[in-house]
Amino acid sequence: MKKFLIVIFLSLFLLSCSKEDVTNKIFVYNWGEYMDPSTIRQFEKETGIKVIYDTYASNEDLYMRMTSSSDRYDVVVPSDYMIERMIKEDLLQPFQPEKISNLSKINKNLKNPIFDKKNKFSIPYFWGTLGIIYNKSMIQEEITSWADLWNPKYKNQIIMYDSQRDDIAIALKKLGYSMNTKNEKELKEAEEALVEQKPLVYAYLADEARDVITQEDAAICVMYSGDALLMIEENPNLEYVVPKEGSNLWYDSFVIPKNANNPDGAHKFIDFMCRPDIAAINAEYCVGYSTPIPEAIDLLPKEIRDSKVAYPDIEELPPLEVYRDAGYLVDIYDIIWTRVRAEK
């Protein structure tokens, strides 16, 4: 009987410890260098909740981790098309709006995006555009179009982003099509355009492209607005433009996985990061990445808040599209990209 009571006592003790652990910590999974560590420490100090913080390099890495491992996260920060996919696959839980008091601080023009029309599952953290950055001292003509990336005059000066989704989308816009087309004939034309362009391309690069362009080893590059502003600060010869055919409007947003251990702590973390003073710290830390919170913008240094790269008037830009979940077309994208990269 004593042994039985001891077992029961230990079981109850371990259970209580387990519950205490869950309510006093959260697991956050985010892009690398995408949040000022001081804001995490401040959250821990104000709430008593410990943050276990981990990072990933791509939406696809995030998806694989969430679907192929036993790891459970309370807050993750995927991009638009990946959020749409996660909603379809029932991987996310809806927010409890009453627990996000700072939701009202979000710019109304950035609420209710097409991939989550009522912000039921996501709250924007950063946003921006995709465009072209070029060196005005190396290229005298004004760059205005995606077609400029196909100009033979710039052979071996062009860097394309090492991303199948972005490069196929760019080719589609050059041809006058939607970035989200499901028309396989249009996708085939985009493939042919990228194969035609390939002899002109200096390299297909991701983050490394920033240094290559800033150091003037190449003249023109596909780049996201967040990185573009940082590059311009380092080299004033650089100019960023959203091409006239239109481009991508991207969102990286907070979501709570369906299997989160501590949803209540997750809500507190997201609400804290949406507080204007905290959002401003993160926006200054991630120079060029645009906070969706107007009150936070007002707290930023003048050179950042006045930047047309980081904070353009969306209504004055060419038509913008949010990437949608490609669904069954993912395999076709893979085939197109393999063919393009294999082309001599």
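The legends below describe a predicted model of one protein chain, beginning with the whole chain and continuing with close-up views. Residues are numbered from 1 along each chain as its sequence is written, and side-chain values use heavy atoms, with hydrogens and water left out. Because the model is predicted, local features need pLDDT of at least 70 and side-chain atom pairs count only at pLDDT 80 or more, while totals for chains, interfaces and linings use all residues.

**Figure 1. Overall view of the protein chain and its confidence.** The mean pLDDT of the protein chain is 93, and 94% of its residues reach 70 or more; pLDDT is the predictor's confidence in each residue, from 0 to 100. Over residues 2-8 the pLDDT is below 50, and this stretch has zero contacts in the model beyond near neighbours in sequence, a contact being heavy atoms within 4.5 Å. Residues 13-20 likewise have pLDDT below 50 and zero contacts beyond near neighbours in sequence. The protein chain holds 13 helices and 10 strands; these are DSSP runs numbered from the N terminus, with helices (H or I) of at least four residues and strands (E) of at least two.

**Figure 2. Dimensions and burial of the protein chain.** The C-alpha atoms fill a box of roughly 85 × 45 × 35 Å along the principal axes. The radius of gyration is 22 Å, which agrees with the value near 20 Å for a compact globule of 344 residues; the radius is taken over C-alpha atoms, and the globule rule is 2.2 Å times the number of residues to the power 0.38. Of the 344 residues, 52% count as buried, where buried means under 20% relative accessible area, exposed over 50% and partly exposed in between (1.4 Å probe, protein chains only). Among contacts between residues at least 6 apart in sequence, 75% join residues at least 24 apart.

**Figure 3. Close-up of helix H4 and its packing partners.** Asp 80, Tyr 81, Met 82, Ile 83, Glu 84 and Met 86 are buried in H4. The buried residues of this helix pack against helix H3 (59-68), helix H5 (164-174) and strand E9 (247-254). After H4 comes Asp 90, with a positive phi near 60 degrees.

**Figure 4. Close-up of two asparagines with positive phi, Asn 112 and Asn 156.** Asn 112 lies in the loop between helix H4 (80-88) and strand E4 (123-135), and its phi is near 55 degrees. Asn 112 counts as partly exposed because its relative accessibility is 45%. Asn 156 is placed in the loop between E4 and strand E5 (158-161), with a phi of about 65 degrees. The relative accessibility of Asn 156 is 41%, so this residue also counts as partly exposed.

**Figure 5. Close-up of Tyr 177 in the loop between H5 and helix H6 (184-197).** Leaving aside neighbours within four places in sequence, Tyr 177 is in contact with Leu 172, Glu 186 and Glu 189. Tyr 177 and Ala 296 are 119 residues apart in sequence, and their C-alpha atoms are 36 Å apart in space.

**Figure 6. Close-up of Asp 211 in helix H7 (residues 208-214).** Asp 211 has a relative accessible area of 45% and is therefore partly exposed. Glu 33 is 178 residues from Asp 211 along the chain, and the C-alpha atoms of the two residues are separated by 17 Å.
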